[in-house]
Amino acid sequence: GLFHNSKMKDFPRVPGFGTHLFAADGPAASVAATPAVAHPPEQLNFLRRVMLAGLAGIVGATCVFPMDVVKTRIQSQRPLPDGTLPYKGIGDAFVKLYRGNGGFFGMYNGLVAQLVGITPEKAIKLAANDFYRWILPKNARGELDFHMEMVAGALAGLSQVVATNPMEIVKIRMQISKRAASEVLKELGLRGLYKGTSSTLLRDIPFSAMYFPFYARLKKYLAEE
(Lines give C-alpha, C1' and ligand atoms only; values in the text may rest on other atoms or scores of the structure.)
Protein backbone atom coordinates (compact mmCIF):
# COMPACT_ATOMS: atom_id res chain seq x y z
CA GLY A 1 0.00 0.00 0.00
CA LEU A 2 0.88 3.67 0.14
CA PHE A 3 2.38 3.22 3.62
CA HIS A 4 4.38 0.07 2.81
CA ASN A 5 7.73 0.31 4.59
CA SER A 6 6.87 3.81 5.78
CA LYS A 7 8.73 3.06 9.03
CA MET A 8 11.88 2.49 6.98
CA LYS A 9 11.35 5.81 5.20
CA ASP A 10 11.01 7.69 8.48
CA PHE A 11 13.78 5.85 10.36
CA PRO A 12 16.66 7.72 8.65
CA ARG A 13 14.60 10.90 8.24
CA VAL A 14 13.82 11.56 11.90
CA PRO A 15 17.37 11.32 13.34
CA GLY A 16 18.67 13.09 10.24
CA PHE A 17 16.46 16.12 10.81
CA GLY A 18 17.11 16.01 14.53
CA THR A 19 20.87 15.92 14.04
CA HIS A 20 21.04 18.75 11.54
CA LEU A 21 18.70 21.00 13.52
CA PHE A 22 20.68 20.33 16.71
CA ALA A 23 23.93 21.05 14.88
CA ALA A 24 22.51 24.17 13.25
CA ASP A 25 21.21 25.54 16.55
CA GLY A 26 24.30 24.50 18.51
CA PRO A 27 26.96 26.39 16.50
CA ALA A 28 24.65 29.40 16.20
CA ALA A 29 24.13 29.53 19.96
CA SER A 30 27.84 29.07 20.56
CA VAL A 31 28.76 31.90 18.20
CA ALA A 32 26.15 34.15 19.76
CA ALA A 33 27.45 33.39 23.26
CA THR A 34 30.98 34.46 22.35
CA PRO A 35 31.83 37.89 23.83
CA ALA A 36 33.18 39.12 20.48
CA VAL A 37 29.74 38.74 18.90
CA ALA A 38 27.13 41.19 20.13
CA HIS A 39 24.18 39.90 18.12
CA PRO A 40 21.74 37.16 19.19
CA PRO A 41 21.39 34.01 17.01
CA GLU A 42 18.49 35.59 15.07
CA GLN A 43 20.84 38.29 13.78
CA LEU A 44 23.42 35.94 12.27
CA ASN A 45 23.99 36.90 8.67
CA PHE A 46 22.48 34.89 5.83
CA LEU A 47 25.77 33.33 4.68
CA ARG A 48 26.55 32.09 8.18
CA ARG A 49 23.11 30.49 8.44
CA VAL A 50 23.64 28.72 5.13
CA MET A 51 27.06 27.46 6.21
CA LEU A 52 25.79 26.19 9.57
CA ALA A 53 22.79 24.49 8.01
CA GLY A 54 24.96 22.89 5.32
CA LEU A 55 27.45 21.61 7.90
CA ALA A 56 24.61 20.25 10.01
CA GLY A 57 23.18 18.51 6.96
CA ILE A 58 26.52 16.77 6.33
CA VAL A 59 26.64 15.54 9.92
CA GLY A 60 23.08 14.24 9.85
CA ALA A 61 23.35 12.61 6.43
CA THR A 62 26.61 10.83 7.27
CA CYS A 63 25.21 9.46 10.52
CA VAL A 64 22.12 7.87 8.98
CA PHE A 65 23.34 7.05 5.45
CA PRO A 66 23.69 3.25 5.96
CA MET A 67 20.05 3.05 7.06
CA ASP A 68 19.09 5.20 4.07
CA VAL A 69 20.72 2.58 1.83
CA VAL A 70 18.75 -0.18 3.60
CA LYS A 71 15.53 1.82 3.18
CA THR A 72 16.11 2.34 -0.54
CA ARG A 73 16.88 -1.33 -1.17
CA ILE A 74 13.85 -2.58 0.77
CA GLN A 75 11.48 -0.17 -0.98
CA SER A 76 12.83 -1.07 -4.43
CA GLN A 77 13.10 -4.86 -4.00
CA ARG A 78 11.21 -7.18 -6.34
CA PRO A 79 10.11 -10.81 -5.75
CA LEU A 80 12.57 -13.54 -6.71
CA PRO A 81 11.59 -16.33 -9.17
CA ASP A 82 10.39 -18.47 -6.26
CA GLY A 83 8.10 -15.68 -5.06
CA THR A 84 10.11 -14.68 -1.99
CA LEU A 85 11.60 -11.25 -1.38
CA PRO A 86 15.38 -10.71 -1.21
CA TYR A 87 15.12 -9.05 2.21
CA LYS A 88 12.96 -10.30 5.06
CA GLY A 89 13.27 -7.16 7.15
CA ILE A 90 15.50 -4.33 8.29
CA GLY A 91 18.04 -6.53 10.10
CA ASP A 92 18.22 -9.08 7.30
CA ALA A 93 18.65 -6.35 4.69
CA PHE A 94 21.38 -4.63 6.68
CA VAL A 95 23.40 -7.85 7.15
CA LYS A 96 23.09 -8.87 3.48
CA LEU A 97 23.97 -5.41 2.20
CA TYR A 98 26.88 -5.10 4.63
CA ARG A 99 28.33 -8.38 3.37
CA GLY A 100 27.46 -7.87 -0.29
CA ASN A 101 28.72 -4.28 -0.49
CA GLY A 102 32.13 -5.02 0.98
CA GLY A 103 31.64 -4.14 4.62
CA PHE A 104 31.51 -0.78 6.40
CA PHE A 105 32.72 1.45 3.57
CA GLY A 106 30.49 -0.32 1.08
CA MET A 107 27.47 0.86 3.05
CA TYR A 108 28.47 4.40 2.13
CA ASN A 109 28.27 3.86 -1.63
CA GLY A 110 26.62 7.00 -3.03
CA LEU A 111 27.46 9.17 -0.02
CA VAL A 112 29.26 11.76 -2.15
CA ALA A 113 26.13 12.34 -4.24
CA GLN A 114 24.11 12.49 -1.04
CA LEU A 115 26.39 15.10 0.50
CA VAL A 116 26.42 17.17 -2.69
CA GLY A 117 22.63 17.19 -2.50
CA ILE A 118 22.12 17.28 1.27
CA THR A 119 24.34 20.29 1.90
CA PRO A 120 22.32 22.71 -0.25
CA GLU A 121 19.09 20.90 0.69
CA LYS A 122 19.39 21.59 4.41
CA ALA A 123 20.99 24.98 3.87
CA ILE A 124 18.29 26.10 1.44
CA LYS A 125 15.42 24.77 3.57
CA LEU A 126 16.59 26.35 6.84
CA ALA A 127 17.77 29.61 5.29
CA ALA A 128 14.66 29.90 3.11
CA ASN A 129 12.41 29.35 6.13
CA ASP A 130 14.24 32.16 7.95
CA PHE A 131 13.98 34.40 4.88
CA TYR A 132 10.25 33.85 4.37
CA ARG A 133 9.58 34.32 8.08
CA TRP A 134 11.38 37.65 7.80
CA ILE A 135 9.49 38.99 4.76
CA LEU A 136 5.98 37.71 5.53
CA PRO A 137 3.59 40.13 7.27
CA LYS A 138 3.57 40.09 11.09
CA ASN A 139 0.73 40.62 13.54
CA ALA A 140 0.36 43.58 15.91
CA ARG A 141 2.92 42.06 18.29
CA GLY A 142 5.50 41.88 15.51
CA GLU A 143 5.26 38.08 15.34
CA LEU A 144 4.09 35.65 12.70
CA ASP A 145 0.71 34.06 13.21
CA PHE A 146 0.72 30.28 13.09
CA HIS A 147 -0.80 30.12 9.60
CA MET A 148 1.88 32.48 8.29
CA GLU A 149 4.55 30.27 9.88
CA MET A 150 3.03 27.41 7.92
CA VAL A 151 3.24 29.48 4.72
CA ALA A 152 6.93 30.18 5.40
CA GLY A 153 7.59 26.49 5.97
CA ALA A 154 5.70 25.49 2.82
CA LEU A 155 7.65 27.98 0.70
CA ALA A 156 10.90 26.70 2.21
CA GLY A 157 9.94 23.15 1.26
CA LEU A 158 9.11 24.26 -2.28
CA SER A 159 12.46 26.05 -2.64
CA GLN A 160 14.38 23.04 -1.39
CA VAL A 161 12.69 20.51 -3.67
CA VAL A 162 13.16 22.57 -6.82
CA ALA A 163 16.85 23.08 -6.04
CA THR A 164 17.84 19.62 -4.82
CA ASN A 165 15.53 17.01 -6.36
CA PRO A 166 18.09 16.12 -9.10
CA MET A 167 20.74 15.01 -6.59
CA GLU A 168 18.18 12.94 -4.70
CA ILE A 169 17.38 11.07 -7.94
CA VAL A 170 21.08 10.49 -8.61
CA LYS A 171 21.66 9.25 -5.06
CA ILE A 172 18.84 6.70 -5.25
CA ARG A 173 20.00 5.40 -8.63
CA MET A 174 23.55 5.01 -7.32
CA GLN A 175 22.33 3.13 -4.24
CA ILE A 176 20.29 0.71 -6.34
CA SER A 177 22.63 0.12 -9.29
CA LYS A 178 26.06 0.89 -7.76
CA ARG A 179 26.90 2.97 -10.85
CA ALA A 180 28.97 6.13 -10.93
CA ALA A 181 27.23 9.50 -10.78
CA SER A 182 28.45 10.40 -14.29
CA GLU A 183 26.77 7.28 -15.74
CA VAL A 184 23.50 8.06 -13.98
CA LEU A 185 23.54 11.68 -15.16
CA LYS A 186 24.21 10.62 -18.74
CA GLU A 187 21.32 8.15 -18.67
CA LEU A 188 18.73 10.44 -17.07
CA GLY A 189 19.37 13.74 -18.81
CA LEU A 190 17.89 17.02 -17.58
CA ARG A 191 14.23 15.95 -17.71
CA GLY A 192 14.97 12.67 -15.95
CA LEU A 193 16.57 14.53 -13.05
CA TYR A 194 13.19 16.06 -12.23
CA LYS A 195 11.19 12.88 -12.60
CA GLY A 196 8.82 12.50 -9.68
CA THR A 197 9.15 16.13 -8.62
CA SER A 198 5.38 16.58 -8.36
CA SER A 199 5.02 13.74 -5.86
CA THR A 200 8.03 15.03 -3.92
CA LEU A 201 6.41 18.46 -3.73
CA LEU A 202 3.18 16.91 -2.47
CA ARG A 203 5.21 15.22 0.27
CA ASP A 204 7.70 17.92 1.28
CA ILE A 205 5.58 21.06 1.13
CA PRO A 206 3.00 19.83 3.69
CA PHE A 207 5.80 18.29 5.77
CA SER A 208 7.75 21.57 5.93
CA ALA A 209 4.57 23.57 6.50
CA MET A 210 3.92 21.57 9.67
CA TYR A 211 7.49 20.81 10.71
CA PHE A 212 9.01 24.28 11.02
CA PRO A 213 6.14 25.98 12.94
CA PHE A 214 5.87 23.13 15.43
CA TYR A 215 9.66 22.97 15.84
CA ALA A 216 9.92 26.74 16.43
CA ARG A 217 7.07 26.78 18.93
CA LEU A 218 8.27 23.70 20.78
CA LYS A 219 11.78 25.18 21.03
CA LYS A 220 10.32 28.45 22.35
CA TYR A 221 8.16 26.58 24.86
CA LEU A 222 11.06 24.50 26.17
CA ALA A 223 13.25 27.59 26.41
CA GLU A 224 10.64 29.31 28.54
CA GLU A 225 10.40 26.26 30.78
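**Figure 1. Helices H5 and H6 are oblique to each other.** In this predicted model, the two helices pack at an angle of about 135 degrees, and since angles that are neither under 35, over 145 nor from 65 to 115 degrees count as oblique, this pair therefore earns that label. Their axes lie 10 Å apart, and H5 passes H6 in a right-handed crossing. On the H5 side (residues 146-177), look for Asn165, Pro166, Ile169, Val170, Arg173 and Met174. On the H6 side (residues 181-193), they meet Ala181, Val184, Leu185, Glu187, Leu188, Gly192 and Leu193. Sorted by class, the contact has 9 nonpolar, 2 polar and 2 charged residues.

**Figure 2. Helix H5 also packs with helix H7.** A helix pair like this is handily summed up in two quantities, the angle between the axes and the distance between them. Here, H5 and H7 (residues 197-224) pack at an angle of about 140 degrees, and their axes are 7 Å apart. That makes H5 oblique to H7. The crossing of H5 and H7 is right-handed. By class, this contact has 13 nonpolar, 7 polar and 3 charged residues.

**Figure 3. Threonine 200, a buried residue of H7.** Stay with helix H7 for this close-up, which is where threonine 200 lies. Its relative accessible area is 16%, and the cut-off for buried is under 20%, so threonine 200 counts as buried. Which residues does threonine 200 touch, not counting those up to four places away in sequence? They are Val161 and Asn165. Asn165 may look familiar, being one of the H5 residues that meet H6.

**Figure 4. Aspartate 204 and serine 208, two buried residues in H7.** Further along the helix, aspartate 204 has its place in H7, and so does serine 208. At 3% relative accessibility, aspartate 204 counts as buried. Serine 208 is buried as well, with a relative accessibility of 1%. Glycine 153 is a handy landmark for this view: its C-alpha is 9.8 Å from that of aspartate 204, although 51 residues separate the two in sequence. Serine 208, for its part, is in touch with Gly153, and also with Lys125, Ala154, Gly157 and Pro213, leaving out residues up to four places away in sequence.

**Figure 5. The largest nonpolar core has 11 residues.** To find this core on screen, select Phe65, Met67, Val69, Val70, Ile74, Tyr87, Ala93, Leu97, Met107, Tyr108 and Leu111. Helix H2 (46-76) and helix H3 (90-100) are the elements that give two or more residues to it. H2 provides the largest share, 5 residues.

**Figure 6. Phenylalanine 65 and its contacts.** This view zooms in on one of the core residues. Setting aside neighbours within four places in sequence, which residues are in contact with phenylalanine 65? Met107, Tyr108 and Leu111 are among them, and these three also belong to the largest nonpolar core. The other contacts of phenylalanine 65 are Asn109, Gly110, Gln114, Lys171 and Gln175.

**Figure 7. Valine 64, buried in helix H2.** Next to phenylalanine 65 in the numbering comes valine 64, found in helix H2. Valine 64 is buried, with a relative accessible area of 14%. From C-alpha to C-alpha, valine 64 and tyrosine 108 are 10.0 Å apart in space, while 44 residues apart in sequence.

**Figure 8. Leucine 85, in the loop between H2 and H3.** Is leucine 85 buried or partly exposed? With a relative accessible area of 42%, leucine 85 is partly exposed. Apart from neighbours within four places in sequence, its contacts are Gln77, Arg78, Pro79 and Leu80. Isoleucine 74, a member of the largest nonpolar core, is 11 residues from leucine 85 in sequence, and their C-alpha atoms are 9.2 Å apart.

**Figure 9. The whole protein, with 7 helices and 0 strands.** Zooming back out, the elements run α-α-α-α-α-α-α from the N terminus on. Of the 225 residues, 39% are buried. Among contacts between residues at least 6 apart in sequence, 72% join residues at least 24 apart.

Note on methods
Residues are numbered from 1 along each chain as its sequence is written. This is a predicted model: local features need pLDDT of at least 70, side-chain atom pairs count only at pLDDT 80 or more; totals for chains, interfaces and linings use all residues. Side-chain values use heavy atoms; hydrogens and water are left out. A nonpolar core is a set of buried Ala, Val, Leu, Ile, Met, Phe, Trp, Tyr and Cys residues joined through side-chain atoms within 4.5 Å. Buried means under 20% relative accessible area, exposed over 50%, partly exposed in between (1.4 Å probe, protein chains only). Helices (H or I, at least four residues) and strands (E, at least two) are DSSP runs, numbered from the N terminus. Contact means heavy atoms within 4.5 Å. Axes are lines fitted to C-alpha atoms, for helices over the stretch in contact, and angles run from 0 to 180 degrees between N-to-C directions. A crossing is left-handed if the near helix is turned anticlockwise from the far one by less than a right angle, and right-handed if clockwise. Ala, Val, Leu, Ile, Met, Phe, Trp, Tyr, Cys and Pro count as nonpolar, Asp, Glu, Lys and Arg as charged, and the others, Gly among them, as polar.
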